[in-house]
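Reader: I am new to reading protein models and would like some help. Could we look at one together, step by step?

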Amino acid sequence: AEVITASDGLQLAQESQELGNGVFTKAVLEGLRDGNADSDKNGQITISELSVFVQKRVLELTGGQQRPTARRDTL
């Protein structure tokens, strides 16, 4: 299981009327809908690719003020 969170435990997840939703949600949608998260351009988006894309994009959109986190658990 992989968990991607909008921000770390000490930050607030930013919302924006201009974006129409939260910054994290915007990044996820850009990654999936637009295919921007497909870093190897093979037509498939892995959870790892999405996680890397979302982390970078949220940092860009917030000027480094919001930092998503990711955690992978193996059962």
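Author: Gladly! Keep in mind that this is a predicted model. A good place to begin is a pair of charged side chains: Lys 26 and Glu 30 meet in a salt bridge, with N to O at 3.0 Å.

Reader: Where do Lys 26 and Glu 30 lie, and how many residues apart are they?

Author: Both residues belong to helix α1, which covers residues 23-33. Along that helix, about one turn separates them. In sequence, Lys 26 and Glu 30 are 4 residues apart.

Reader: Is Glu 30 buried or exposed?

Author: The cut-off we need is that buried means under 20% relative accessible area. Its partner Lys 26 has 23% relative accessibility, so Lys 26 counts as partly exposed. Glu 30 has 11%, and therefore Glu 30 counts as buried.

Reader: Which salt bridge do the side chains of Glu 30 and Arg 57 make, and which parts of the chain does the pair link?

Author: The side chains of Glu 30 and Arg 57 meet at 2.7 Å, N to O. This pair links distant parts of the chain, with the two residues 27 apart. Glu 30 sits in helix α1, while Arg 57 sits in helix α2 (residues 47-61).

Reader: Which residues do the salt bridges that share partners join into one network?

Author: Let us follow Arg 57 onward: Arg 57 also forms a salt bridge with Glu 60, where the closest N and O atoms are 3.0 Å apart. Those two both lie in helix α2, 3 residues apart, or about one turn. Glu 60 counts as exposed because its relative accessibility is 54%. Through shared partners, the network joins Lys 26, Glu 30, Arg 57 and Glu 60.

Reader: How many salt bridges does a search of the whole structure find?

Author: We have just walked through some of them, including the one between Lys 26 and Glu 30. Searching the whole structure gives a total of 5.

Reader: Which elements give two or more residues to the largest nonpolar core?

Author: That core has 9 residues, among them Val 23, Phe 24, Leu 50 and Phe 53. Ala 27, Val 28, Val 54 and Val 58 are also in the list. The elements that supply two or more of the core residues are α1 and α2.

Reader: Why do the buried residues of α1 line one face of the helix?

Author: The buried residues in α1 are Val 23, Phe 24, Ala 27, Val 28, Glu 30 and Gly 31. Imagine looking down the axis of α1: these residues line one face because they fall within an arc of 160°.

Reader: What covers the buried residues of α1?

Author: Val 23 gives us a local view: leaving aside neighbours within four places in sequence, Val 23 is in contact with Gln 14, Val 58, Leu 61, Thr 62 and Gln 66. For the buried residues of α1 as a group, the cover includes β1 (2-5), β3 (21-22) and α2.

Reader: Is Thr 62 buried or exposed?

Author: Thr 62 is found in the loop between α2 and β4 (69-72). Not counting residues up to four places away in sequence, Thr 62 touches Gln 14 and Val 23. With 5% relative accessibility, Thr 62 counts as buried.

Reader: Which residue has a backbone nitrogen 2.8 Å from a polar atom of the side chain of Gln 11?

Author: Gln 11 is in the loop between β1 and β2 (15-16). Beyond neighbours within four places in sequence, its contacts are Gln 65, Gln 66 and Arg 67. A polar atom of the Gln 11 side chain lies 3.5 Å from the backbone oxygen of Gln 65. The backbone nitrogen at 2.8 Å belongs to Arg 67.

Reader: What is the phi of Lys 41?

Author: Lys 41 is placed in the loop between α1 and α2, and a relative accessible area of 63% makes Lys 41 exposed. Just after α1, Gly 35 takes a positive phi of about 75°. Lys 41 has a positive phi too, in a residue other than glycine, with a value near 55°.

Notes:
Residues are numbered from 1 along each chain as its sequence is written. This is a predicted model: local features need pLDDT of at least 70, side-chain atom pairs count only at pLDDT 80 or more; totals for chains, interfaces and linings use all residues. Side-chain values use heavy atoms; hydrogens and water are left out. A salt bridge is a side-chain nitrogen of Lys or Arg within 4 Å of a carboxyl oxygen of Asp or Glu. Buried means under 20% relative accessible area, exposed over 50%, partly exposed in between (1.4 Å probe, protein chains only). A nonpolar core is a set of buried Ala, Val, Leu, Ile, Met, Phe, Trp, Tyr and Cys residues joined through side-chain atoms within 4.5 Å. Contact means heavy atoms within 4.5 Å. The arc is that of the directions from the helix axis to the C-beta atoms. A polar contact is a pair of N or O atoms within 3.5 Å; within protein, one must be able to donate a hydrogen and the other to accept it, and residues adjacent in sequence count only if both atoms are side-chain atoms.
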